[in-house]
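Trainee: Before we use any of these labels, could we go through the reasoning behind them, one residue at a time?

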Amino acid sequence: MSTTQILSKAELLNHWQGHRRLTRRVIEVFPEDKLFAFSVGEMRPFADLAKEMLSIAVPGLEGIVSRAESAYEENQPDITTKEALLRRWDEATPRIDALFNQIPETDFHETFNLFGQFNFPIIENILYFIDNEIHHRAQGYVYLRALGIQPPFFWER
C-alpha cells in the first residue's frame, strides 16, 4: 500500500506563516487605544488574544524540539503597546521557522505532551497552534467590525 503526501512540511510551515502574516495585519489595523481595551461579549481584548498566540507558538515549538514538558505560561506584562506587540510578533517569526525546521518529519506522528497537558501527536499540536490563531483572529475581526473598521481580507495571506 502506498501513501500520498497531501502537504509537505515546508507547505505546512508556509500555511502557518501565511496565517501569522494575516494576524499581524489585523494587529496593525487596530487603533492603539482599542487593541488593549476593546472587547465584545466579555471576551478578552485582541492584544490579550495575540499575546496568547505568542505564548503558544515559540514556547510550544521549543517544547516539541527539546521534548520538554514545561508548563504553559501566558503572562507577558512587558507588551503594553502596539509597537511592542508587533516587535514581539516579528521576533517570533524567524524563531518559528528555525524551530519548526528542527522537527524531523518522522516525528510528526509521535505523541508529545505539550505544556504537560496536551498529549497528542506533534502534528495535532501544530495544527492546534494554527487553529487557535484562526479562532482568535476571527474574534479580532468581530472587534474591528464593531469598531467600524474593515478587517484585512482573510484570503490575503
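Mentor: Let us begin with Glu-133, which is buried at a relative accessible area of 3%, keeping in mind that this is a predicted model.

Trainee: Why is Glu-133 called buried?

Mentor: The label requires a relative accessible area under 20%, and Glu-133 has 3%, so Glu-133 is buried. Arg-137, at 5% relative accessibility, counts as buried by that cut-off.

Trainee: What makes the pairing of Glu-133 and Arg-137 a salt bridge?

Mentor: The definition asks for a side-chain nitrogen of Lys or Arg within 4 Å of a carboxyl oxygen of Asp or Glu; the N to O distance here is 4.0 Å, and therefore the pair is counted. Both residues lie in helix α5, four residues apart, about one turn of the helix.

Trainee: How do you know whether His-136 is buried or exposed?

Mentor: His-136, placed in helix α5, has a relative accessible area of 5%, and because the cut-off for buried is under 20%, His-136 is buried. Leaving aside neighbours within four places in sequence, His-136 is in contact with residues including Arg-44 and Phe-46.

Trainee: Why does Arg-44 count as partly exposed?

Mentor: Partly exposed lies between the 20% and 50% limits, and Arg-44 stands at 32% relative accessibility, so the label follows. The side chain of Arg-44 also meets that of Glu-74 in a salt bridge, at 3.0 Å from N to O. That pair links distant parts of the chain, 30 residues apart.

Terms used:
Residues numbered from 1 in each chain as written. Predicted model: local features only at pLDDT ≥ 70, side-chain atom pairs only at ≥ 80, totals over all residues. Heavy atoms only, no water. Helix = DSSP H or I, 4+ residues; strand = E, 2+ residues; numbered from the N terminus. Buried < 20%, exposed > 50% of the residue type's maximum accessible area, 1.4 Å probe, protein only. Contact = heavy atoms within 4.5 Å.
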